[in-house]
Amino acid sequence: MDERQREIDNIGVLKSLDVKLRRYTLESKLELCRKIAHMVDKQLGEKYFIHKTFNNVVNEHYYYSLRATVHLFELEYISNRATAILEWEGTMKSTFSSREFATIINAYKQYCPPFVHVRDDDQDDFMLDLFILRTAHQQFHFQWHPLIDLYRYNFFFNYESSEFEVKNKFKELFGFSFNEYVSFVTGLFLLSKNTTDHSMTVEQIVREMGKGESFTPQKVSEMLNMLSMDRETATAKYHELKTTDDKMIIYSYNPFTMKPLLKEGNNVYLPVPQLLFQAITLGFYHMLCFKFQQNFRREFGKYVYEDYIHHVFSWDSSKYEIIREFKYNIGNATYDSPDFILVKENEVILVEIKATAPRIQLREADIQTYLDELKKAYCVAVVQCHKKEKHIRDGHLKHEKLPTEITRFYYLVVTLEEFYFMNSDQLRNRVKRYSEEEGHPLPDNQKYHALGTVTLEQILETDERDIFEFLRDREADEKSYNDVSWTKINQRNNNIKLRSIKFWEEEIDKLSQDLFGVSTRV
């Protein structure tokens, strides 16, 4: 069989999945996804749905089989695709048996994700890097705890200063505060977990959320509308964001990431409930950037994100000194120091931060997109670190907290989102080439590190090592340094409760007291 025939057969796998999906009603498909998403959630799973999902009897062992073999990213694709393609005109089924679901999920699993984008030539040098990148952006965000971003975005969306504010812009665009949305989506998530026999309805949501004083019927309706779209809108947005390469369709951006609810008449469908928390964090951030354009993104990075990273570094600040960005002169020229300089004894970490959120662009990345994002996120930052190290060594960049004798420099790039770039020879060659083009060539053995904000938080919050020890260990282990999954953390205590979880528990306690007059705190 030649390569072209294999490609046709492979695409045929997804077409066969479309055929299967078209035989069922929209409600049955989206409800199936919702219930299974609750069951397979590794953090917030709900076993009871096993008795309310299929039209045949299944036992408890099947629940554990689902949790072991079905993944949220698979349900994300199935629900997204089921919404975008119309049902057939014949008699449709309104329920699924466990066997019928198996044919659906297995059809997806039979698809072989491609290595080469249609816009690229068959370039072996980049194939593995891009395959891992696409896979990571498709799957890894579901591996974090669903609540992991809440503490960070609470800081972002309630930010106010004399230079820049987000809090009022957030309320201008979304109508209510971030904390109100946290309570609202928490209520929706819990309501979904307790709705087993039918889909949720507008009346049900208004009734249940309106039992307390926090949510009037009008307020519930407005917040529900902000998080919802109808099928026509969802389909239009799907085709707007869909990849131009049919082979890459499994990586297409999912509109449910921004608006996770589908409203059809009085029915409200929530095919992947975990996306509620992504919608009010990263989804709302993308919408703010779209509304207020480039100026918002630039000022957000300069003030909000920089202040937040300073806040995060301060969690461990008893172990090192933190120097924030300042200006210095060389002759008549004025320069900015690194965004942060961390100092521990005679070692220094030069930190550059980039408030970039490339998930939409990188989900189906071709080589040029990869190189563009690599330059913006890594290349520029690493070269900045290299230039500033030279200025320190030459005595131009001075600060009272910098040691007289520095024995080791580390370069650290921190990005708003995880990029999931594999630390490959191709990446290092591109960074080195850029440094040469800029007139600041990196030494052949120069090492540098990149962390998404969520990973930095995990290191400072839970790792038994401080950030200096973490980077030192990574540089000492060549396998770890070259591995895409190098961010393994030596957790100091399994009972550590993350700030995001604590923040959510405080919000859910307020909600519980409002709705039921009962505190959730022990």
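How much space lies in the largest pocket? About 1200 Å³, and the views below start there. This is a predicted model, in which local features need pLDDT of at least 70, side-chain atom pairs count only at pLDDT 80 or more, and totals for chains, interfaces and linings use all residues. Residues are numbered from 1 along each chain as its sequence is written, and side-chain values use heavy atoms, with hydrogens and water left out.

**View 1. A look into the largest pocket.**
Rolling a probe the size of a water molecule over the atoms shows where empty space is left. Here the search uses a 1 Å grid over the protein atoms alone, and a pocket is an open set of points where a 1.4 Å probe fits, with protein on both sides within 12 Å along at least five of seven lines. Grid points are joined across faces, edges and corners, and the volume is the space filled by probe spheres set on the points. That gives the pocket its roughly stated volume of about 1200 Å³. Lining residues have an atom within 4 Å of a point; there are 40 of them, and Cys289, Gln294, Arg297, Ala355 and Ala357 are the closest to the centre. Two or more lining residues come from each of helix H12 (231-241), helix H13 (275-313), S9, helix H14 (359-362) and helix H15 (367-393). H13 gives the most, with 13 residues. (Helices, H or I with at least four residues, and strands, E with at least two, are DSSP runs numbered from the N terminus.) Sorted by class, the lining has 16 nonpolar, eight polar and 16 charged residues. Nonpolar here covers Ala, Val, Leu, Ile, Met, Phe, Trp, Tyr, Cys and Pro, charged covers Asp, Glu, Lys and Arg, and the others, Gly among them, are polar.

**View 2. Strand S9 and its partners.**
Strand S9 (residues 347-354) has eight of its eight residues buried, meaning under 20% relative accessible area, while exposed is over 50% and partly exposed is in between (1.4 Å probe, protein chains only). In a regular strand the side chains alternate between the two faces of the sheet. In S9, Glu347, Ile349, Val351 and Ile353 are buried on one side, and Val348, Leu350, Glu352 and Lys354 are buried on the other. Two strands pair if DSSP finds at least two bridges between them. S9 runs antiparallel to strand S8 (residues 340-344), joined by five bridges, and Ile341 has Leu350 as its bridge partner. With strand S10 (residues 408-415), S9 pairs in the parallel sense over eight bridges, and Glu347 is matched with Arg408.

**View 3. Two hairpins and their turns.**
Strands S6 (residues 327-330) and S7 (residues 333-336) pair antiparallel over four bridges, with Lys327 bridged to Asp336. Two residues sit between these strands, and Gly331 in the turn has a positive phi of about 65°. The hairpin of S8 and S9 also has two residues between its strands. There, Glu345 has a positive phi near 55° although this residue is not a glycine, and Glu345 is exposed at 70% relative accessible area.

**View 4. Cysteines without a bond.**
A disulfide is a covalent bond between the sulfur atoms of two cysteines. Counting pairs of cysteine sulfur atoms within 2.5 Å, the total is zero disulfides. Why does Cys385 not bond with Cys379? Because its sulfur is 12 Å from the one in Cys379, the closest cysteine sulfur, which is too far. Cys385 is buried, at 0% relative accessibility.
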